[in-house]
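Visitor: I am new to protein structures and would like to learn how to read one. Could you take me through it feature by feature?

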Amino acid sequence: MGSGARSVDAVGPEEAFRLLGEAPDTRLVDVRTRAEWSFVGLPDLSPIGKQIWPIEWTRFPDMAPNPAFLDELQGLIARDGGQTPRQILFICRSGARSLAAAQAVAAGLDDAPGDGAGLERCTNVAEGFEGDLDSDGHRGRINGWKARGLPWRQS
């Protein structure tokens, strides 16, 4: 990691939504696959005047790592005015892929073009969008963004 060592912390979905609403320089990256965005839905940040940044961490259907992940993140930062957010939150289905992505960004943005100056925190959204499996093997009922009643949309 470069000189600006960053750690990764975690917050629950409600705290993530609160942070996104209160801090103008905070963004949410959804690292799930295009199939998940289309068929399961996405967090809806329009009530707080923001847009989600969807970037696949792994690609459907083979779930191979996305080698362009950091480049795609840099591209979204550039399209958003070029100012690196002070905090980036990461969300996936249940919190595992988003943790890996947050760790990679915390380590890798220092070495990427533009060096991530300004980024102070990489935060995993624990529970993710769908949360843990229930006793019937279904997600979205126990915890997670959807189960917590936070805004979301489906195409």
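Guide: Gladly! Let us begin with burial: a residue is called buried when its relative accessible area is under 20%. Keep in mind that this is a predicted model. In this protein, buried residues make up 46% of the 155 residues.

Visitor: What share of the exposed surface do carbon and sulfur atoms supply?

Guide: They supply 50% of the roughly 7,500 Å² (about 7,500 Å²) that the protein exposes.

Visitor: How many helices and strands should I look for?

Guide: Look for 4 helices and 9 strands. Going along the sequence, you will meet them in the pattern β-α-β-α-β-β-β-β-α-β-α-β-β. The radius of gyration is 15 Å, close to the 15 Å from the globule rule for 155 residues, so the protein is as compact as a globular protein of that length. If you draw a box along the principal axes, the C-alpha atoms fill roughly 45 × 35 × 25 Å.

Visitor: What can contacts tell me about the chain as a whole?

Guide: A contact means heavy atoms within 4.5 Å. Take the contacts with a separation of 6 or more: residues 24 or more positions apart account for 69% of them.

Visitor: And the charges? How far apart are the mean positions of the positive and negative ones?

Guide: The protein has 17 positive and 22 negative charges, and their mean positions are 3 Å apart.

Visitor: Now the strands, please. In what order do they sit in the open sheet?

Guide: The open sheet has 5 strands in the order S1-S8-S7-S2-S4, with parallel pairing. At its edges are strand S1 (8–11) and strand S4 (53–54), each of which pairs on one side only.

Visitor: Which strands pair with S7?

Guide: Strand S2 (residues 26–30) runs parallel to strand S7 (residues 87–91), and 5 bridges join them. S7 also pairs with strand S8 (residues 121–125), in the parallel sense over 4 bridges. You can follow a path across the sheet here: Leu28 stands opposite Leu89 in S7, and the bridge partner of Leu89 in S8 is Thr123. Val29 in turn stands opposite Phe90 in S7.

Visitor: Is S7 enclosed or open to the outside?

Guide: Since 5 of the 5 residues of S7 are buried, the strand is largely enclosed by the rest of the structure. Try looking at its two faces. Gln87, Leu89 and Ile91 are buried on one side, and Ile88 and Phe90 are buried on the other, so both faces are covered.

Visitor: Can we zoom in on one residue of the neighbouring strand?

Guide: Let us pick Val29, which is found in strand S2. Val29 counts as buried because its relative accessible area is 0%. Leaving out residues up to four places away in sequence, Val29 touches Trp53, Ile55, Phe69, Leu73, Ile88, Leu89, Phe90 and Ile91.

Visitor: Which residues of helix H3 are buried?

Guide: In helix H3 (residues 69–79), the buried ones are Phe69, Leu73, Gln74, Gly75, Leu76 and Ile77. These buried residues pack against S2, S4, S7 and helix H4 (96–108). Just after H3 comes Gly81, with a positive phi of about 110°.

Visitor: Phe69 was among the contacts of Val29. What else does Phe69 touch?

Guide: Apart from neighbours within four places in sequence, Phe69 is in contact with Val29, Val31, Ile55, Glu56, Trp57, Phe90, Ala101 and Val105. Phe69 counts as buried because its relative accessibility is 3%. With Ile55 you can compare sequence and space: Phe69 and Ile55 are 14 residues apart in sequence, and their C-alpha atoms are 6.8 Å apart.

Visitor: What about loops? Is Thr33 buried or exposed?

Guide: Thr33 lies in the loop between S2 and helix H2 (34–39). Its relative accessible area is 2%, so Thr33 is buried. Not counting residues up to four places away in sequence, Thr33 touches Glu56, Thr58, Arg59, Phe60, Met63 and Arg97.

Visitor: Thank you! I will go back to the picture and find each of these for myself.

Definitions and conventions:
Residues are numbered from 1 along each chain as its sequence is written. This is a predicted model: local features need pLDDT of at least 70, side-chain atom pairs count only at pLDDT 80 or more; totals for chains, interfaces and linings use all residues. Side-chain values use heavy atoms; hydrogens and water are left out. Helices (H or I, at least four residues) and strands (E, at least two) are DSSP runs, numbered from the N terminus. The radius of gyration is taken over C-alpha atoms; the globule rule is 2.2 Å times the number of residues to the power 0.38. Buried means under 20% relative accessible area, exposed over 50%, partly exposed in between (1.4 Å probe, protein chains only). Accessible areas come from the Shrake-Rupley method with a 1.4 Å probe; for residues, only the protein chains shown count as cover. Lys and Arg count as positive and Asp and Glu as negative; His and the chain ends are not counted. The place of a charge is taken as NZ of Lys, CZ of Arg, CG of Asp or CD of Glu. Two strands pair if DSSP finds at least two bridges between them.
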